[in-house]
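User: I would like a close look at a single part of this model, followed outward to whatever borders on it. Please keep the account plain.

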Amino acid sequence: MTNVTSREVRLASRPDGIPTEANFTLARTELPALRDQEVLVRNLFMSVDPYMRGRMNDRKSYVAPFELGKVIDGNAVGEVVESRAGEFKPGDAVTSFFGWREYFVASPADLYPVSRENQPLSVYLGALGMTGLTAWVGLNLAEVKAGDVVFVSGAAGAVGSVAGQLAKLRGCRVIGSAGSVEKVKFLREKCGFDLAFNYKGAPILEQLNRAAPDGIDVYFDNVGGEALEAALSAMRDHGRIVACGAISGYNDEKPQPGPSNFFNMIVRRLTMKGLIVRDWLDHRAAFAAEVGGYIRAGKLKNQETVVEGIEHAAGAFIGLFRGENLGKMVVKLT
Ligand code: NDP
């Protein structure tokens with residue numbers, strides 16, 4: 001096979017506050033010919049995710065920062081173009097962590113085979129991918145059960161929309177918050193939430209108290225900040241909080257102060273569990289069996305927002321912080 005040229009997005013500079021296009025560059029690179037035990041993959045869809053914002057800072061968190069001038073890694077789904085490894089053949093669909101690039105060469109251990117029966121393949125970045133797994137793990141950690149009142153913030157996004165739908169399937173009463181009237185309508189009409197509200201319309205606590213006058217049992221936190229503080233006020237005794245994300249603070253120059261009512265953790269005997277999805281990869285098969293079954297049965301919707309072209313990947317990523325996505329934000333590589 002002739003050498004392949006691939007376009008890729010590199011981190012050009014570290015953002016101050018909300019990232020801009022100037023923080024990224026689109027570059028071309030030529031891939032070497034395959035050696036034994038190597039596979040050439042063409043990415044079909046790549047994921048942009050809020051956590052990547054943290055990796056753009058020069059601070060170690062649970063993963064190392066992205067390096068300046070280097071391609072941005074992250075989840076992607078693609079197909080094998082050429083293989084010199086017995087494990088894969090051309091046409092196989094695979095997920096990987098090779099991120100913001102069109103083609104790459106990898107060893108079989110870095111590829112995870114997925115079935116083409118689930119279409120479009122971008123579902124492996126959303127409801128059947130890391131964000132769906134995050135929702136599923138979070139609800140398991142909170143031990144949700146039928147009858148629980150569950151509040152999900154960031155509810156119309158990738159994790160939130162799956163968390164809310166799964167909680168409904170488990171017999172919970174589900175309330176969601178999101179940042180527009182259109183998103184609220186989507187949660188009510190397409191995801192089956194019992195109630196949803198626009199957190200930009202009025203103080204969150206006021207709207208949450210109206211939606212759940214007797215309080216909430218579980219809070220699935222994607223947002224932090226005001227939403228977390230409101231949830232801490234609305235929790236019933238022995239309530240459970242899933243600390244999944246805190247996007248309201250990801251672009252802050254200085255960390256936000258903690259919730260003023262944190263003492264409710266004690267008074268109400270609350271439990272708060274943090275989660276990092278990559279600790280749960282061993283559970284992928286059980287997750288895929290359950291959530292894949294719901295999707296095939298038409299019981300769970302994989303909503304996505306598709307941006308076309310690697311040249312628009314940076315814009316898609318920035319759009320996450322402006323609420324431009326409904327469901328999972330993915331970039332289709334054409
Ligand atoms: P989303 O699909 O929810 O996209 C981000 C959404 O966040 C936007 O659409 C926007 O929706 C909302 N948002 C943006 N800025 C703010 C703000 N200042 N205040 C409140 N909401 C805001 O992303 P994901 O579903 O992929 O991720 C959701 C959360 O889960 C994130 O915090 C992410 O970091 C976290 N996460 C954690 C994982 C883990 O392992 N712990 C794994 C995956 C995700 P709106 O219009 O409603 O404002």
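In which loop does Asn-302 lie?

Analyst: This is a predicted model. Asn-302 lies in the loop between helix α8 and strand β14, the latter spanning residues 304–308.

Beyond its neighbours within four places in sequence, Asn-302 is in contact with Val-123, Gly-126 and Ala-127. With Ala-127 there is a polar link: the side chain of Asn-302 reaches the backbone nitrogen of Ala-127 at 3.0 Å. The side chain of Asn-302 also makes a polar contact, at 3.5 Å, with the side chain of Glu-304. For a sense of distance along the chain, Ala-202 is 100 residues from Asn-302 in sequence, and the two C-alpha atoms are 29 Å apart in space.

The helix on one side of this loop, α8, covers residues 284–296. Its axis comes within 10 Å of the axis of α2 (residues 130–141), and the two cross at roughly 90 degrees. A crossing angle of 65 to 115 degrees counts as roughly perpendicular, and α2 and α8 are therefore described that way. On the α2 side the contact involves Met-130, Gly-132, Leu-133 and Trp-136. These meet Arg-284, Ala-286, Phe-287, Glu-290 and Val-291 of α8. Sorted by class, the residues of this contact are six nonpolar, one polar and two charged.

Two backbone features sit in the loops on either side of α2. Pro-120 is in the loop between β7 (112–114) and α2, and the peptide bond from Gln-119 to Pro-120 is cis, with omega near -10 degrees. Glu-143 is in the loop between α2 and β8 (149–152), and has a positive phi, near 50 degrees, although the residue is not glycine. As background, most residues other than glycine have a negative phi, and most peptide bonds are trans.

Helix α2 also leads to the ligand. An oxygen atom of the ligand is 2.6 Å from an N or O atom in the side chain of Lys-183. Another such pair joins a ligand oxygen to a polar side-chain atom of Tyr-250, at 2.7 Å, and a backbone N or O atom of Asn-222 lies 2.8 Å from an oxygen of the ligand. Taken alone the ligand exposes 910 Å², of which the protein buries 90%. The elements that give two or more residues to the shell around the ligand are α2 and α3 (158–169). In total 27 residues surround the ligand, with Lys-183, Tyr-199, Tyr-250, Leu-275 and Asn-325 the closest. By class, the shell has 16 nonpolar, ten polar and one charged residues.

Note on methods. Residues are numbered from 1 along each chain as its sequence is written. This is a predicted model: local features need pLDDT of at least 70, side-chain atom pairs count only at pLDDT 80 or more; totals for chains, interfaces and linings use all residues. Side-chain values use heavy atoms; hydrogens and water are left out. Axes are lines fitted to C-alpha atoms, for helices over the stretch in contact, and angles run from 0 to 180 degrees between N-to-C directions. Helices (H or I, at least four residues) and strands (E, at least two) are DSSP runs, numbered from the N terminus. Angles under 35 degrees count as roughly parallel, over 145 as roughly antiparallel, 65 to 115 as roughly perpendicular and the rest as oblique. Contact means heavy atoms within 4.5 Å. Ala, Val, Leu, Ile, Met, Phe, Trp, Tyr, Cys and Pro count as nonpolar, Asp, Glu, Lys and Arg as charged, and the others, Gly among them, as polar. A residue is near a molecule or strand if one of its heavy atoms lies within 4 Å of it. A polar contact is a pair of N or O atoms within 3.5 Å; within protein, one must be able to donate a hydrogen and the other to accept it, and residues adjacent in sequence count only if both atoms are side-chain atoms. Accessible areas come from the Shrake-Rupley method with a 1.4 Å probe; for residues, only the protein chains shown count as cover.
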